[in-house]
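Dear colleague,

Please find below the sequence and structure that I am handing over to you. I would be grateful if you kept both in view while reading the remarks that follow.

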Amino acid sequence: MLTIYQWVDGSLREVVTPEGPCWINLADPTSEEILRVQTLTGVTREYLSDPLDRDERPRLDVDDDGTVLIVVHVPYHEPNENLHPFNTLPLGVVHTTNAVITVCNRPTPIAASFLDQIRRVCPPEQKFRFTFHLLWHAAILYLRYLRDIRQRADLVEQELHETISNEGLIRLLNIEKSLVYFTTSLKADDILLSRIRTTRQLDIDEDDLDVLEDVRVEYQQALEMASIHSNILTGTLDAFASIISNNLNNVMKFLTSMTIVLTVPMLIASLFGMNTWLPFAKSGAWGFCAIVGLSLLLVAATVIFFSRKRFF
(Lines give C-alpha, C1' and ligand atoms only; values in the text may rest on other atoms or scores of the structure.)
Protein backbone atom coordinates (compact mmCIF):
# COMPACT_ATOMS: atom_id res chain seq x y z
CA MET A 1 0.00 0.00 0.00
CA LEU A 2 1.39 3.38 -1.06
CA THR A 3 0.30 6.61 0.65
CA ILE A 4 1.72 10.08 0.04
CA TYR A 5 1.30 12.99 2.47
CA GLN A 6 2.15 16.68 2.18
CA TRP A 7 2.21 19.49 4.72
CA VAL A 8 -0.87 21.63 4.13
CA ASP A 9 -2.17 24.30 6.55
CA GLY A 10 -0.28 22.95 9.54
CA SER A 11 -1.07 19.26 9.09
CA LEU A 12 -0.32 16.31 6.86
CA ARG A 13 -2.80 15.76 4.04
CA GLU A 14 -2.96 12.79 1.70
CA VAL A 15 -2.24 13.61 -1.96
CA VAL A 16 -1.99 11.65 -5.16
CA THR A 17 1.01 13.38 -6.72
CA PRO A 18 3.44 15.24 -4.46
CA GLU A 19 4.56 18.77 -5.14
CA GLY A 20 7.62 19.52 -3.05
CA PRO A 21 8.70 17.85 0.21
CA CYS A 22 6.46 14.95 1.21
CA TRP A 23 6.14 11.83 3.31
CA ILE A 24 5.78 8.57 1.38
CA ASN A 25 4.53 5.63 3.42
CA LEU A 26 4.99 2.12 2.00
CA ALA A 27 3.27 -0.72 3.87
CA ASP A 28 3.57 -4.20 2.34
CA PRO A 29 4.29 -2.60 -1.06
CA THR A 30 4.00 -4.26 -4.43
CA SER A 31 6.75 -4.16 -7.05
CA GLU A 32 4.80 -1.53 -8.97
CA GLU A 33 4.55 0.73 -5.91
CA ILE A 34 8.28 0.41 -5.22
CA LEU A 35 9.03 1.26 -8.85
CA ARG A 36 6.80 4.33 -8.64
CA VAL A 37 8.58 5.57 -5.52
CA GLN A 38 11.91 5.03 -7.25
CA THR A 39 10.70 7.14 -10.17
CA LEU A 40 9.41 9.93 -7.89
CA THR A 41 12.43 10.15 -5.58
CA GLY A 42 15.36 8.53 -7.40
CA VAL A 43 16.22 6.37 -4.39
CA THR A 44 17.92 3.02 -5.02
CA ARG A 45 15.83 -0.13 -4.89
CA GLU A 46 17.98 -1.64 -2.12
CA TYR A 47 16.98 1.11 0.29
CA LEU A 48 13.33 0.29 -0.35
CA SER A 49 13.60 -3.50 -0.34
CA ASP A 50 16.03 -4.09 2.56
CA PRO A 51 13.53 -3.08 5.30
CA LEU A 52 11.05 -5.61 3.88
CA ASP A 53 13.30 -8.43 5.10
CA ARG A 54 11.98 -9.72 8.45
CA ASP A 55 15.54 -10.50 9.58
CA GLU A 56 16.97 -7.05 8.80
CA ARG A 57 18.80 -5.63 11.82
CA PRO A 58 18.65 -1.97 12.98
CA ARG A 59 21.32 0.00 11.16
CA LEU A 60 22.30 3.37 9.70
CA ASP A 61 23.50 3.79 6.12
CA VAL A 62 24.51 7.08 4.46
CA ASP A 63 25.00 7.09 0.68
CA ASP A 64 27.47 9.29 -1.18
CA ASP A 65 24.66 11.40 -2.64
CA GLY A 66 23.34 12.23 0.84
CA THR A 67 20.55 9.64 0.93
CA VAL A 68 20.12 8.25 4.46
CA LEU A 69 18.65 4.89 5.43
CA ILE A 70 17.64 4.24 9.05
CA VAL A 71 16.31 0.79 9.90
CA VAL A 72 14.72 0.33 13.33
CA HIS A 73 12.61 -2.40 14.87
CA VAL A 74 9.07 -1.43 15.81
CA PRO A 75 6.43 -3.46 17.68
CA TYR A 76 3.26 -4.88 16.24
CA HIS A 77 0.31 -6.79 17.63
CA GLU A 78 -1.50 -9.58 15.80
CA PRO A 79 -4.85 -10.19 17.55
CA ASN A 80 -5.55 -13.37 15.59
CA GLU A 81 -2.17 -14.91 16.37
CA ASN A 82 -2.34 -17.13 19.45
CA LEU A 83 1.27 -18.31 19.40
CA HIS A 84 3.09 -14.95 19.29
CA PRO A 85 0.59 -12.08 19.47
CA PHE A 86 3.38 -9.51 20.06
CA ASN A 87 6.46 -9.28 17.89
CA THR A 88 8.74 -6.77 16.18
CA LEU A 89 9.53 -6.03 12.55
CA PRO A 90 11.91 -3.71 10.67
CA LEU A 91 10.84 -0.21 9.69
CA GLY A 92 12.98 1.64 7.17
CA VAL A 93 13.16 5.45 7.07
CA VAL A 94 14.80 6.88 3.94
CA HIS A 95 15.80 10.54 3.61
CA THR A 96 16.03 11.88 0.07
CA THR A 97 16.27 15.42 -1.26
CA ASN A 98 12.52 16.07 -1.24
CA ALA A 99 10.96 13.20 0.70
CA VAL A 100 10.95 11.07 3.80
CA ILE A 101 10.07 7.49 2.91
CA THR A 102 8.94 4.89 5.45
CA VAL A 103 8.99 1.24 4.38
CA CYS A 104 7.56 -1.73 6.28
CA ASN A 105 6.48 -5.20 5.24
CA ARG A 106 3.07 -4.79 6.88
CA PRO A 107 0.80 -1.95 8.07
CA THR A 108 1.54 -0.80 11.61
CA PRO A 109 -0.42 1.53 13.92
CA ILE A 110 2.59 3.86 14.14
CA ALA A 111 1.59 5.81 11.02
CA ALA A 112 -2.00 6.27 12.24
CA SER A 113 -0.80 7.34 15.69
CA PHE A 114 1.67 9.73 14.08
CA LEU A 115 -1.06 11.39 12.01
CA ASP A 116 -3.42 11.72 14.99
CA GLN A 117 -0.94 13.52 17.25
CA ILE A 118 -0.68 17.03 15.85
CA ARG A 119 1.72 18.07 18.63
CA ARG A 120 4.27 15.49 17.50
CA VAL A 121 4.01 16.14 13.76
CA CYS A 122 6.19 18.51 11.75
CA PRO A 123 6.74 19.26 8.03
CA PRO A 124 8.58 16.51 6.12
CA GLU A 125 11.28 18.97 5.04
CA GLN A 126 12.53 18.83 8.66
CA LYS A 127 13.68 15.30 7.96
CA PHE A 128 15.45 14.40 11.19
CA ARG A 129 12.85 15.92 13.50
CA PHE A 130 10.13 14.22 11.43
CA THR A 131 11.94 10.89 11.81
CA PHE A 132 12.56 11.33 15.52
CA HIS A 133 8.89 12.12 16.15
CA LEU A 134 7.99 8.97 14.24
CA LEU A 135 10.37 6.94 16.40
CA TRP A 136 8.89 8.54 19.52
CA HIS A 137 5.49 7.10 18.57
CA ALA A 138 7.13 3.69 18.08
CA ALA A 139 8.56 3.93 21.61
CA ILE A 140 5.14 4.84 23.03
CA LEU A 141 3.69 1.82 21.22
CA TYR A 142 6.35 -0.36 22.85
CA LEU A 143 5.29 0.92 26.28
CA ARG A 144 1.61 0.35 25.53
CA TYR A 145 2.19 -3.22 24.41
CA LEU A 146 4.41 -3.93 27.41
CA ARG A 147 1.60 -2.89 29.75
CA ASP A 148 -0.76 -5.16 27.83
CA ILE A 149 1.72 -8.05 28.10
CA ARG A 150 2.04 -7.50 31.87
CA GLN A 151 -1.75 -7.59 32.28
CA ARG A 152 -2.00 -10.80 30.27
CA ALA A 153 0.76 -12.41 32.32
CA ASP A 154 -1.01 -11.44 35.57
CA LEU A 155 -4.26 -13.02 34.39
CA VAL A 156 -2.51 -16.26 33.44
CA GLU A 157 -0.70 -16.35 36.79
CA GLN A 158 -4.00 -16.00 38.65
CA GLU A 159 -5.40 -18.94 36.69
CA LEU A 160 -2.31 -21.03 37.43
CA HIS A 161 -2.57 -20.26 41.15
CA GLU A 162 -5.97 -21.96 41.13
CA THR A 163 -4.98 -24.91 38.97
CA ILE A 164 -1.77 -25.59 37.10
CA SER A 165 -2.46 -26.57 33.49
CA ASN A 166 -0.29 -27.14 30.44
CA GLU A 167 -2.27 -24.56 28.49
CA GLY A 168 -1.57 -21.84 31.05
CA LEU A 169 2.15 -22.64 31.14
CA ILE A 170 2.33 -22.54 27.33
CA ARG A 171 0.62 -19.14 27.34
CA LEU A 172 3.19 -17.84 29.82
CA LEU A 173 5.98 -19.25 27.66
CA ASN A 174 4.61 -17.44 24.58
CA ILE A 175 4.43 -14.19 26.55
CA GLU A 176 8.05 -14.68 27.60
CA LYS A 177 9.01 -15.13 23.93
CA SER A 178 7.33 -11.81 23.08
CA LEU A 179 9.34 -10.12 25.84
CA VAL A 180 12.55 -11.62 24.47
CA TYR A 181 11.73 -10.21 21.01
CA PHE A 182 11.01 -6.79 22.53
CA THR A 183 14.16 -6.76 24.66
CA THR A 184 16.43 -7.78 21.78
CA SER A 185 14.93 -5.20 19.42
CA LEU A 186 15.01 -2.39 21.99
CA LYS A 187 18.68 -3.02 22.74
CA ALA A 188 19.53 -2.84 19.03
CA ASP A 189 17.39 0.30 18.60
CA ASP A 190 19.10 2.01 21.54
CA ILE A 191 22.52 1.31 20.02
CA LEU A 192 21.31 2.73 16.69
CA LEU A 193 19.96 5.92 18.31
CA SER A 194 23.28 6.39 20.10
CA ARG A 195 25.11 6.06 16.80
CA ILE A 196 22.80 8.58 15.11
CA ARG A 197 23.58 11.06 17.87
CA THR A 198 27.35 10.68 17.65
CA THR A 199 27.92 10.13 13.91
CA ARG A 200 29.55 12.94 11.95
CA GLN A 201 27.96 11.91 8.65
CA LEU A 202 24.63 13.50 9.61
CA ASP A 203 24.11 17.22 9.97
CA ILE A 204 21.67 17.36 12.88
CA ASP A 205 21.08 20.66 14.68
CA GLU A 206 20.86 21.02 18.44
CA ASP A 207 17.05 21.27 18.59
CA ASP A 208 16.68 18.00 16.71
CA LEU A 209 19.27 16.40 18.97
CA ASP A 210 17.12 17.38 21.95
CA VAL A 211 14.18 15.61 20.34
CA LEU A 212 16.42 12.58 19.72
CA GLU A 213 17.39 12.56 23.39
CA ASP A 214 13.70 12.48 24.37
CA VAL A 215 13.24 9.53 22.03
CA ARG A 216 16.20 7.71 23.60
CA VAL A 217 14.72 8.22 27.06
CA GLU A 218 11.47 6.57 25.94
CA TYR A 219 13.32 3.67 24.34
CA GLN A 220 15.46 3.15 27.46
CA GLN A 221 12.34 3.19 29.61
CA ALA A 222 10.73 0.59 27.34
CA LEU A 223 13.91 -1.51 27.46
CA GLU A 224 13.98 -1.38 31.25
CA MET A 225 10.30 -2.34 31.48
CA ALA A 226 10.79 -5.24 29.05
CA SER A 227 13.83 -6.49 30.98
CA ILE A 228 12.01 -6.30 34.32
CA HIS A 229 8.91 -8.08 33.00
CA SER A 230 11.08 -10.72 31.33
CA ASN A 231 13.01 -11.41 34.56
CA ILE A 232 9.79 -11.59 36.58
CA LEU A 233 8.20 -13.96 34.09
CA THR A 234 11.30 -16.15 33.99
CA GLY A 235 11.23 -16.40 37.79
CA THR A 236 7.50 -17.17 37.70
CA LEU A 237 8.00 -20.02 35.23
CA ASP A 238 10.84 -21.41 37.34
CA ALA A 239 8.63 -21.23 40.44
CA PHE A 240 5.79 -23.09 38.73
CA ALA A 241 8.28 -25.69 37.48
CA SER A 242 9.46 -26.21 41.07
CA ILE A 243 5.87 -26.50 42.27
CA ILE A 244 5.09 -29.13 39.63
CA SER A 245 8.23 -31.07 40.55
CA ASN A 246 7.39 -30.86 44.26
CA ASN A 247 3.82 -32.07 43.63
CA LEU A 248 5.17 -34.98 41.61
CA ASN A 249 7.54 -35.89 44.43
CA ASN A 250 4.68 -35.81 46.94
CA VAL A 251 2.59 -38.09 44.75
CA MET A 252 5.47 -40.51 44.29
CA LYS A 253 6.11 -40.58 48.06
CA PHE A 254 2.46 -41.24 48.76
CA LEU A 255 2.23 -44.05 46.20
CA THR A 256 5.46 -45.61 47.45
CA SER A 257 4.24 -45.49 51.05
CA MET A 258 0.90 -47.05 50.11
CA THR A 259 2.70 -49.80 48.23
CA ILE A 260 4.79 -50.63 51.30
CA VAL A 261 1.73 -50.53 53.59
CA LEU A 262 -0.16 -52.93 51.33
CA THR A 263 2.90 -55.19 51.03
CA VAL A 264 2.89 -55.97 54.80
CA PRO A 265 -0.44 -57.91 54.91
CA MET A 266 0.37 -59.50 51.53
CA LEU A 267 3.66 -60.79 52.96
CA ILE A 268 1.96 -62.27 56.02
CA ALA A 269 -0.80 -63.81 53.88
CA SER A 270 1.78 -65.39 51.56
CA LEU A 271 3.72 -66.84 54.50
CA PHE A 272 0.64 -68.42 56.07
CA GLY A 273 -0.44 -69.69 52.66
CA MET A 274 2.51 -72.10 52.41
CA ASN A 275 1.80 -75.80 52.29
CA THR A 276 3.71 -76.64 55.47
CA TRP A 277 3.32 -76.53 59.24
CA LEU A 278 2.66 -72.98 60.56
CA PRO A 279 1.59 -71.47 63.89
CA PHE A 280 -2.18 -71.32 64.43
CA ALA A 281 -2.62 -74.02 61.75
CA LYS A 282 -5.09 -75.93 63.97
CA SER A 283 -6.60 -73.02 65.87
CA GLY A 284 -9.53 -72.48 63.52
CA ALA A 285 -11.33 -69.13 63.60
CA TRP A 286 -9.29 -67.93 66.57
CA GLY A 287 -6.05 -68.42 64.64
CA PHE A 288 -7.42 -66.58 61.61
CA CYS A 289 -8.44 -63.63 63.78
CA ALA A 290 -4.98 -63.58 65.36
CA ILE A 291 -3.27 -63.48 61.98
CA VAL A 292 -5.58 -60.69 60.77
CA GLY A 293 -4.97 -58.76 63.98
CA LEU A 294 -1.20 -59.15 63.56
CA SER A 295 -1.46 -57.86 60.00
CA LEU A 296 -3.53 -54.85 61.08
CA LEU A 297 -1.08 -54.12 63.89
CA LEU A 298 1.88 -54.15 61.49
CA VAL A 299 -0.04 -52.00 59.00
CA ALA A 300 -0.86 -49.48 61.72
CA ALA A 301 2.79 -49.37 62.82
CA THR A 302 3.89 -48.82 59.22
CA VAL A 303 1.35 -46.03 58.71
CA ILE A 304 2.46 -44.28 61.91
CA PHE A 305 6.11 -44.54 60.84
CA PHE A 306 5.48 -43.00 57.42
CA SER A 307 3.22 -40.33 58.89
CA ARG A 308 6.01 -39.17 61.16
CA LYS A 309 8.30 -39.06 58.13
CA ARG A 310 5.64 -36.86 56.40
CA PHE A 311 5.15 -39.34 53.56
CA PHE A 312 1.36 -38.98 53.83
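The notes below concern one strand and the sheet to which it belongs.

Please bear in mind that this is a predicted model.

Strand E6 comprises residues 86-95 and is mostly covered, with ten of its ten residues buried. Its side chains may be sorted by direction: Phe-86, Thr-88, Pro-90, Gly-92 and Val-94 point one way, while Asn-87, Leu-89, Leu-91, Val-93 and His-95 point the other way. The residues of both sets are buried.

Which strands pair with E6? One is strand E5 (residues 68-77), which runs antiparallel to E6 and is joined to it by ten bridges. Within this pairing, Tyr-76 stands opposite Asn-87. The other is strand E7 (residues 99-104), also antiparallel to E6, with five bridges. Here His-95 stands opposite Val-100, and Leu-91 has Cys-104 as its bridge partner. A hairpin of three residues leads from E6 to E7.

In the wider setting, seven strands make up an open sheet of mixed pairing, in the order E2-E1-E3-E7-E6-E5-E4. Strands E2 (11-15) and E4 (59-62) stand at the edges; each has a single partner strand, so one side of each lacks a neighbour in the sheet. On average, neighbouring strands of this sheet are turned by 25° against each other, direction ignored.

Helix H4 (residues 127-162) packs on the sheet and touches E2, E3 (22-27), E5, E6 and E7. The direction of H4 makes about 25° with that of E5.

With kind regards

Definitions and conventions. Residues are numbered from 1 along each chain as its sequence is written. This is a predicted model: local features need pLDDT of at least 70, side-chain atom pairs count only at pLDDT 80 or more; totals for chains, interfaces and linings use all residues. Side-chain values use heavy atoms; hydrogens and water are left out. Buried means under 20% relative accessible area, exposed over 50%, partly exposed in between (1.4 Å probe, protein chains only). Helices (H or I, at least four residues) and strands (E, at least two) are DSSP runs, numbered from the N terminus. Two strands pair if DSSP finds at least two bridges between them. Axes are lines fitted to C-alpha atoms, for helices over the stretch in contact, and angles run from 0 to 180 degrees between N-to-C directions. Contact means heavy atoms within 4.5 Å.
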